[in-house]
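Visitor: Got a minute to walk me through this one? I'd like to poke at a few spots and see what comes up.

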Amino acid sequence: MADTITTTNPRTGEALATYPVADAGEVQAAVTRARKAFADWGHRTHEERRPYLTALQRVAVDNVDRIGEVIAAETGRDRGDALFSEVLPAAAGARYAAKQAGRILAPRKASAWPLLTRKGWVEYLPRGVAAIITPWNYPFNLSWNPTVTAVAAGCTVVLKPSEVTASAGQLVKDLADEAGLPSGVVEVVHGAGETGAALVADEVDIISFTGSPATGRKIAHAAAERLTPLILELGGNDAFVVLEDADVKRAARGALWGGMLNAGQTCVAVERVYVVDAVYDDFVAELTKGADQLNAGAGDRNDVGPITFPPRAAIIERQLEDARSKGATILRGGTHSEVPGGGVLFQPTIVTDVDHTMELMQRETFGPVLAVMRVPDEQAALELANDSSYGLHGSVWTRNRERGAAFAQAMRTGTVAVNDVMVNAGFADLPFGGVGESGYGSNWGPEGLRAFCYPKTYTTPRVSPRSELWWFPRRISARAWKGLIRLTLRR
Ligand code: ADP
């Protein structure tokens with residue numbers, strides 16, 4: 001195992017930062033520190049934790065430039081895009097946790113009907129030490145938000161950020177320290193898959209993983225050993241459907257942004273576009289016009305920057321080659337070039353004449369590629385949209401709101417937008433997650449906070465007679481029970 005990892009700027013090839021790799025012993029030491037911190041942090045009230053969450057919100061906002069700079073350098077993304085897509089949701093997530101965790105995780109009284117002599121309630125108790133393993137595509141926010149959510153729920157955290165973007169993960173730890181969080185509440189360990197695997201195998205109480213389905217499966221297998229609960233967010237191959245009554249210009253701009261933001265390296269990126277025949281030609285004309293105006297390059301202010309993790313370019317190229325060989329037309333782009341320093345830049349790519357035999361339509365591409373398919377009608381669009389092993393995000397475009405809502409409901413995805421795209425993840429109050437190969441569990445919103453807790457239920461009698469009707473010796477016959485069930489539970 002390498003002793004260190006070094007991150008590089010994909011625009012220039014320049015080395016950015018070097019971190020020592022944590023081996024299994026160091027991972028265990030970090031988990032032990034987090035466990036020790038949990039003994040205190042996990043027993044504090046929400047009122048006591050709230051000032052720390054507010055401090056996290058403050059440091060996120062106060063350090064907007066510093067965070068933006070780290071993200072732009074490590075991912076090759078435009079700075080403004082980095083602020084919109086990572087710092088804004090990070091600060092909003094901390095604000096949400098500060099304001100809402102106490103309410104969302106408050107104990108809840110339970111209805112006891114028909115056991116009227118009882119009362120019951122549930123408390124949401126923190127699970128303990130959370131292992132948070134994250135990818136390189138949105139390296140700050142995808143590390144920050146689960147960390148803040150876990151901490152708000154009363155867990156302590158050992159974060160293992162992607163080795164490709166380790167500084168963004170380190171920054172989460174540094175900002176947590178600057179916010180004054182007690183020692184051990186947020187720990188970070190650096191390294192590649194082996195370090196992640198060591199963390200999963202350690203005595204952690206919950207794992208939150210964001211990354212590829214292949215690694216997600218390995219983690220699920222490993223977690224099964226200790227039955228560690230798991231939240232998996234594993235990407236998507238998201239469908240974007242344009243119906244004949246859509247605002248075609250807006251839809252085309254939405255598709256272009258959804259497909260090209262961060263060079264398409266977004267789990268909720270638009271990948272498969274289905275356009276109803278009646279508006280297909282207009283839509284494609286608008287889309288190509290928009291694509292022609294994008295500037296792709298390795299400068300600071302490019303719309304589409306280089307691929308963050310250069311080995312990924314081979315997968316994009318393979319998918320395009322497979323589509324070409326099966327008869328697809330590359331309307332725009334389709335080429336890539338090397339940028340100074342060895343990075344890879346893909347031109348914004350629009351592919352038509354695609355079908356579902358192509359890998360492009362079956363697997364996540366994770367590049368600046370939009371595959372557009374002409375479909376006869378709404379029904380065909382829905383069937384094709386749902387013909388996917390993934391189910392993270394979907395989007396439908398129509399001027400008829402009711403039609404849009406019905407179509408959205410029929411899409412088999414964890415998140416969906418009508419006349420909109422990719423903003424679900426910007427709502428701190430919405431759970432975020434998918435179905436199928438996109439994973440399970442939720443990271444944000446009330447469900448996200450609860451995921452880091454276990455529900456503990458309590459019951460106690462309102463009155464305490466010496467014995468109960470159902471205890472031994474039996475005092476109620478089957479017939480009497482039948483009468484009671486009918487009396488209390490018949491509608
Ligand atoms: P991506 O290439 O999109 O980052 P991966 O799923 O390969 O997707 O990686 C996501 C995160 O999982 C990274 O932090 C990586 O180091 C980590 N990782 C890779 N392999 C394993 C593994 N076997 N166990 C735990 N974590 C892993």
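Visitor: Let's start with Met-422. Where does Met-422 sit?

Guide: This is a predicted model, to be clear from the start. Met-422 is placed in the loop between strand 18 (415-418) and strand 19.

Visitor: What's phi like for Met-422?

Guide: Phi is near 65 degrees, which is a positive value in a residue other than glycine.

Visitor: And is Met-422 buried or exposed?

Guide: Met-422 is buried: its relative accessible area is 9%, and the cut-off for buried is under 20%.

Visitor: Which other residue has a positive phi without being glycine?

Guide: Asp-353 is one, with phi near 55 degrees. Asp-353 is in the loop between strand 15 and helix 12 (359-362).

Visitor: How does Asp-353 count in terms of accessibility?

Guide: Asp-353 counts as partly exposed, at 47% relative accessibility. Met-422, by comparison, is buried.

Visitor: You mentioned strand 15. Which way do its residues point?

Guide: Strand 15 covers residues 349-352. Thr-349 and Val-351 point one way, Ile-350 and Thr-352 point the other way, and all are buried.

Visitor: What does strand 15 pair with on the antiparallel side of things?

Guide: Strand 12 (residues 329-332) runs antiparallel to strand 15, and three bridges join them. In that pairing, Arg-332 has Ile-350 as its bridge partner.

Visitor: And which strand pairs with strand 15 in the parallel sense?

Guide: That's strand 16 (residues 369-375), again over three bridges. Thr-349 stands opposite Val-369 there.

Visitor: Zoom in on Thr-352 for me. What is its relative accessible area?

Guide: Thr-352, which is found in strand 15, has a relative accessible area of 5%, so it's buried.

Visitor: Which residues is Thr-352 in contact with, leaving aside neighbours within four places in sequence?

Guide: Those contacts are Tyr-280, Ala-328, Thr-329, Leu-331 and Val-372. Take Thr-329: it is 23 residues from Thr-352 along the chain, and their C-alpha atoms are separated by 5.2 Å.

Visitor: Okay, new topic. Strand 19 came up earlier; what sheet is it in?

Guide: Strand 19 belongs to an open sheet of six strands, in the order 7-6-5-8-9-19 and with mixed pairing. Strand 7 (186-188) and strand 19 (439-440) are at the edges with a single partner strand each, so each has one side without a neighbour in the sheet.

Visitor: How do strand 8 and strand 9 run relative to each other, parallel or antiparallel?

Guide: They run parallel, and four bridges join strand 8 (residues 206-210) to strand 9 (residues 230-233). Ile-207 has Leu-230 in strand 9 as its bridge partner.

Visitor: I always check the prolines. Where are the cis peptide bonds?

Guide: One is the bond from Trp-113 to Pro-114, with omega near 5 degrees. Pro-114 is in the loop between strand 3 (108-110) and strand 4 (118-126). Another runs from Phe-472 to Pro-473, where omega is near -5 degrees. Pro-473 is in the loop between strand 20 (453-461) and helix 16 (478-489).

Visitor: Now something helical. Where does Leu-171 lie, and what does it contact?

Guide: Leu-171 lies in helix 6 (residues 166-178), and it is buried, with a relative accessible area of 4%. Beyond its neighbours within four places in sequence, Leu-171 is in contact with Arg-66, Ile-67, Val-70 and Phe-140.

Visitor: How far is Leu-171 from Val-70?

Guide: They are 101 residues apart in sequence and 8.4 Å apart in space, going C-alpha to C-alpha.

Visitor: Let's zoom out. How many helices and strands does the chain have?

Guide: The chain has 16 helices and 20 strands. Its radius of gyration is 25 Å, close to the 23 Å given by the globule rule for 491 residues, so the chain is as compact as a globular protein of that length. The C-alpha trace spans about 80 × 55 × 40 Å along its principal axes.

Visitor: What share of the residues is buried?

Guide: Buried residues are 54% of the 491 in the chain. As for the surface, the chain exposes about 21500 Å², with 53% of it from carbon and sulfur atoms.

Visitor: Last one: how are the charges laid out?

Guide: There are 52 positive and 56 negative charges, and their mean positions are 14 Å apart.

Key. Residues are numbered from 1 along each chain as its sequence is written. This is a predicted model: local features need pLDDT of at least 70, side-chain atom pairs count only at pLDDT 80 or more; totals for chains, interfaces and linings use all residues. Side-chain values use heavy atoms; hydrogens and water are left out. Helices (H or I, at least four residues) and strands (E, at least two) are DSSP runs, numbered from the N terminus. The radius of gyration is taken over C-alpha atoms; the globule rule is 2.2 Å times the number of residues to the power 0.38. Buried means under 20% relative accessible area, exposed over 50%, partly exposed in between (1.4 Å probe, protein chains only). Accessible areas come from the Shrake-Rupley method with a 1.4 Å probe; for residues, only the protein chains shown count as cover. Lys and Arg count as positive and Asp and Glu as negative; His and the chain ends are not counted. The place of a charge is taken as NZ of Lys, CZ of Arg, CG of Asp or CD of Glu. Two strands pair if DSSP finds at least two bridges between them. Contact means heavy atoms within 4.5 Å.
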